[in-house]
Amino acid sequence: MTALLTTANWDSDAWMHQLRTAAPDRRFVLEGVDAYDPAEIRYALTWKPPQGLLSSLPNLEVIFNLGAGVDAVLSDPDLPDLPLVRLVDENLASRMTEWVTLQVLAHHRGTLTYLAQQKAHRWHEEPQPLASEVRVGFLGYGVLAQHAARVIGALGFATHAWSRTGKDADIKLHVGADALPEFLANTDILVVLLPLTDATRKIINADLMAGLAQDGALGGPVVINAGRGGLQDEDDIVAALNTNVLKGASLDVFQTEPLPADSPLWTAPNLIITPHNSAVSDPRAVSRYVARQMQAFEAGEPLQNVVDRSRGY
Ligand code: NDP
Ligand code: OXD
């Protein structure tokens, strides 16, 4: 059973090596490099596959998305009606938790202010609230947000979250559109870990930011987005930072990636930018995950983490 790998601009040698190590008895071929017969491909292992590629594989059985977010795959108008498995992995979650924790603490402890003061040789102490006086709200409370919230909560921050549907949660959960205003009004640091769907596109806009708590212990709200660039209105974020509607922000994802050199985000005040690397897909961990799933599938067991296309994530 042959598997086809497409990885956009990732290090395909490392991926092929790890896949062959995790499943030595299988044939893996690399799109654009190896010769293959489209009819031999049973599995597609993809990150941002070229549109139309998947529909050109007549015997394809399962699509494995090599990341957690499936918006790029779902945007293919010719996407075949086959199980689409997304990445759910402890390695990915740990990486995201590290990044979220770093950003929350950076804004909480005034890191950008102190770096600027250091450059100016200035010794000046800002008021420092306790973590328990700062409310961190998770917009989206899925696999990654729940993992990060455990660490943020353990540091003493007051945590709560917003999601589409209700569920048993270890922190206060606000559910659905009607609950959004109250959630925002009680949030000092907003951590966005939503998928990009029709319902969430440009959800981080001027209205949302104006709805965040303005009376919090940090002296103004902070937005941290590692979900997708399509979730944010970038002009609104620049305006909010320039007018102190936001005290600060951290963005790992952008409408256009790489972020164009002339984007006003590069020079917006109190903004931390990282190049969509808050949680990279680790070839070794992902290869093991895919190998396990292929084996279970062939043994007649159900696939894990299959995307519900009707909800878009
Ligand atoms: P999950 O599917 O586990 O969680 C998604 C969460 O968003 C759920 O809580 C879901 O609600 C909520 N949600 C979805 N739509 C809505 C809506 N319309 N209104 C309110 N809540 C909504 O995803 P993960 O936690 O695994 O990943 C989240 C996203 O993070 C990915 O889709 C991807 O875009 C991004 N990501 C970014 C990375 C990076 O490097 N920057 C790396 C990995 C992921 P409910 O619980 O009710 O279903
Ligand atoms: C993902 C990502 O969705 O890397 O996993 O963005």
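## A tour of salt bridges and two ligand sites

Begin by selecting Arg 135 and Asp 215, whose side chains meet in a salt bridge with N and O 3.8 Å apart. This is a predicted model, and the distances on this tour should be read with that in mind. The pair links distant parts of the chain, since Arg 135 sits in strand β6 (residues 135-139) while Asp 215 lies in the loop between α7 (206-210) and β10 (222-225), 80 residues apart. Colour the two by accessibility, and Arg 135 comes out as partly exposed at a relative accessible area of 23%, whereas Asp 215 is exposed at 64%. Now add Asp 188 to the selection, for Arg 135, Asp 188 and Asp 215 are linked in a network of salt bridges.

How many salt bridges does the count come to? The count comes to eight, and two others are worth a stop here. Side chains of opposite charge can pair when their charged atoms come close.

Select Arg 26 and Glu 298 next, where a side-chain nitrogen and oxygen lie 2.9 Å apart in a salt bridge. This pair also links distant parts of the chain: Arg 26 belongs to the loop between α1 (12-22) and β2 (27-30), and Glu 298 to helix α9 (residues 283-298), 272 residues apart. Is Arg 26 buried or exposed? With a relative accessible area of 19%, Arg 26 is buried, while Glu 298, at 37%, is partly exposed.

Move along to Arg 27, which forms a salt bridge with Glu 40, the closest N and O atoms being 2.9 Å apart. Here Arg 27 is in strand β2 and Glu 40 is in the loop between β2 and β3 (41-46), 13 residues apart. Both residues can be checked for accessibility: Arg 27 is partly exposed at 39%, and Glu 40 is partly exposed at 22%.

### Ligand 1

Now select ligand 1 and display the residues around it, of which there are 29, with Arg 86, Tyr 141, Thr 165, Lys 167 and Tyr 313 coming nearest. By class, this shell holds 14 nonpolar, nine polar and six charged residues. For the polar contacts, look at the backbone of Gly 142, where a polar atom is 3.1 Å from an oxygen atom of ligand 1, and then at Gly 227, which likewise has a polar backbone atom 3.1 Å from a ligand 1 oxygen. Arg 228 contributes through its side chain, with a polar atom 3.3 Å from an oxygen atom of ligand 1. On its own ligand 1 has 940 Å² of accessible area, and the protein covers 93% of that. The elements giving two or more residues to the shell are α5 (143-154) and β7 (158-163). Where does ligand 1 lie in relation to domain 1 and domain 2? Domain 1 (2-89 + 281-298) and domain 2 (90-273) both give residues to the shell, so ligand 1 lies between them.

### Ligand 2

Keep Arg 228 selected as you turn to ligand 2, since a polar side-chain atom of this residue lies 2.8 Å from an oxygen atom of ligand 2. Two backbone contacts can be displayed as well: a backbone N or O atom of Ala 68 is 2.6 Å from a ligand 2 oxygen, and one of Gly 69 is 2.8 Å from an oxygen atom of ligand 2. Taken alone, ligand 2 exposes 210 Å², of which the protein buries 88%. To complete the view, show the residues around ligand 2, namely Trp 47, Gly 67, Ala 68, Gly 69, Arg 228, His 276 and Ala 279; by class, this shell has three nonpolar, three polar and one charged residues.

Terms used:
Residues numbered from 1 in each chain as written. Chains lettered and ligands numbered in written order. Predicted model: local features only at pLDDT ≥ 70, side-chain atom pairs only at ≥ 80, totals over all residues. Heavy atoms only, no water. Near = heavy atom within 4 Å. Polar contact = N/O pair within 3.5 Å; in protein donor to acceptor, adjacent residues only side chain to side chain. Areas by Shrake-Rupley, 256 points an atom, 1.4 Å probe, with all protein chains shown as cover. Nonpolar A, V, L, I, M, F, W, Y, C, P; charged D, E, K, R; others polar. Salt bridge = Lys/Arg side-chain N within 4 Å of Asp/Glu carboxyl O. Helix = DSSP H or I, 4+ residues; strand = E, 2+ residues; numbered from the N terminus. Buried < 20%, exposed > 50% of the residue type's maximum accessible area, 1.4 Å probe, protein only. Domains from an automatic or database assignment.
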